[in-house]
Amino acid sequence: MRIKVFVSGTSKDLKIFRKAATETLKGMKIEPIVQDHFAPDHQTVCEMLRDRLSPCDAVVCLVGHVYGAEPKERPEHERRRSYTQMEYDLAIAMKKPIYRFFLRGEPNADETKVKQQLQHRHRRLLMSTDQLYEEFSTVEELQERIAEIEFKKLLSRIHNLPYRSIGSLFKGREDFIRELRQRLSDDTHAAVIMARQAIHGLGG
């Protein structure tokens with residue numbers, strides 16, 4: 001099965017970088033997915049992006065200083081976001097692995113102050129998370145960084161069970177399973193998770 005990677009980035013300042021990223025992925029035998037054209041209304045854009053992101057195994061997110069285009073018809077309860085910001089938020093909601101790349105430099109003077117502030121806030125928010133990110137200034141630097149990503153590990157999970165999910169067939173040791181679930185989902189057990197959890201026993 002071929003790996004698919006969604007490449008996100010504004011056309012105004014990142015078009016050449018986005019193209020370079022897609023070419024690099026192709027050279028790695030990975031299928032790049034890009035969304036160039038957007039509908040004017042917010043709902044259609046969300047549906048379109050979900051359809052594009054759904055089959056993707058990961059997202060390469062290029063973040064520049066330009067806010068870019070945004071839906072013109074936005075519901076009142078929705079905060080103001082550009083197309084690329086929507087791509088990022090949907091990727092997060094869909095729990096896609098995201099590789100973040102930030103363009104060095106200064107804010108784009110061609111945009112309004114409001115748009116500059118919105119993009120600056122977006123960059124600052126993404127950089128403030130505990131997720132790793134890379135910075136780049138040139139096409140060559142970006143290509144080198146992307147070429148180092150081991151995308152194949154995304155498909156390296158071993159599936160040797162006869163069912164996609166064993167569901168109700170799995171029985172017994174409810175207390176142990178409950179404790180394991182708590183350890184894996186509780187932030188206070190971060191040190192335990194870092195040390196990994198090993199489960200062993202008889203087969204069958």
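**Entry 1: the largest cavity**

I began with the residue classes around the largest cavity, whose lining has five nonpolar, seven polar and no charged residues. I note here that the model is a predicted one. The lining residues I wrote down are S8, T10, L14, C61, L62, V63, G64, V66, T84, Q85, Q119 and H122. I then asked which elements give two or more residues to this lining, and found β3, α3 and α4. The largest share, three residues, comes from β3. For the volume of the largest cavity I have about 60 Å³. I also looked up how many cavities of 30 Å³ or more there are, and the count is one.

**Entry 2: Q119**

I picked Q119 from the cavity lining. I located Q119 in helix α4, which covers residues 113-127. Is Q119 buried or exposed? I found Q119 buried, because its relative accessible area is 3% and the cut-off for buried is under 20%. Leaving out residues up to four places away in sequence, I listed its contacts as V63, G64, H65, V66, Y67 and Q85. Among the cavity-lining residues I again find V63, G64, V66 and Q85.

**Entry 3: S82**

Next I looked up S82, which is found in the loop between β3 (58-63) and α3 (83-93). I asked how much of S82 is accessible, and the relative accessible area is 0%. I therefore entered S82 as buried. With residues up to four places away in sequence set aside, S82 touches Y67, A69 and E70. I had already met Y67 in the contact list of Q119.

**Entry 4: helix α5**

I turned to helix α5, residues 139-147, and asked which of its residues are buried. I noted E141, L142 and I146. Seen down the axis of α5, these buried residues fall within an arc of 130°, so I recorded them as lining one face of the helix. I also checked what covers them, and the cover includes α1 (11-27), β3, β4 (98-103) and β5 (133-136).

**Entry 5: the second largest pocket**

I looked up the second largest pocket and wrote down a volume of about 230 Å³. I listed its lining as I98, Y99, R100, F101, Q131, L132, Y133, E134, R145, E148 and I149. The elements that give two or more residues to this lining are β4 and β5. I asked where the largest share comes from, and β4 supplies it with four residues. Sorted by class, I have six nonpolar, one polar and four charged residues here. I had noted β4 and β5 before, as part of the cover over the buried residues of α5.

**Entry 6: the whole protein**

I ended with the protein as a whole. I recorded seven helices and five strands. Reading along the sequence, I get the pattern β-α-β-α-β-α-β-α-β-α-α-α. What share of the 204 residues is buried? I have 36% for the buried residues. For the surface I noted that the protein exposes about 13,900 Å², with carbon and sulfur atoms supplying 52% of it. I also looked at contacts between residues at least 6 apart in sequence, and 75% of them join residues at least 24 apart.

Methods
Residues are numbered from 1 along each chain as its sequence is written. This is a predicted model: local features need pLDDT of at least 70, side-chain atom pairs count only at pLDDT 80 or more; totals for chains, interfaces and linings use all residues. Side-chain values use heavy atoms; hydrogens and water are left out. Buried means under 20% relative accessible area, exposed over 50%, partly exposed in between (1.4 Å probe, protein chains only). Contact means heavy atoms within 4.5 Å. Accessible areas come from the Shrake-Rupley method with a 1.4 Å probe; for residues, only the protein chains shown count as cover. The arc is that of the directions from the helix axis to the C-beta atoms. On a 1 Å grid over the protein atoms alone, a cavity is a set of points where a 1.4 Å probe fits but cannot get out, and a pocket is an open set with protein on both sides within 12 Å along at least five of seven lines; lining residues have an atom within 4 Å of a point. Grid points are joined across faces, edges and corners, and a volume is the space filled by probe spheres set on the points. Ala, Val, Leu, Ile, Met, Phe, Trp, Tyr, Cys and Pro count as nonpolar, Asp, Glu, Lys and Arg as charged, and the others, Gly among them, as polar.
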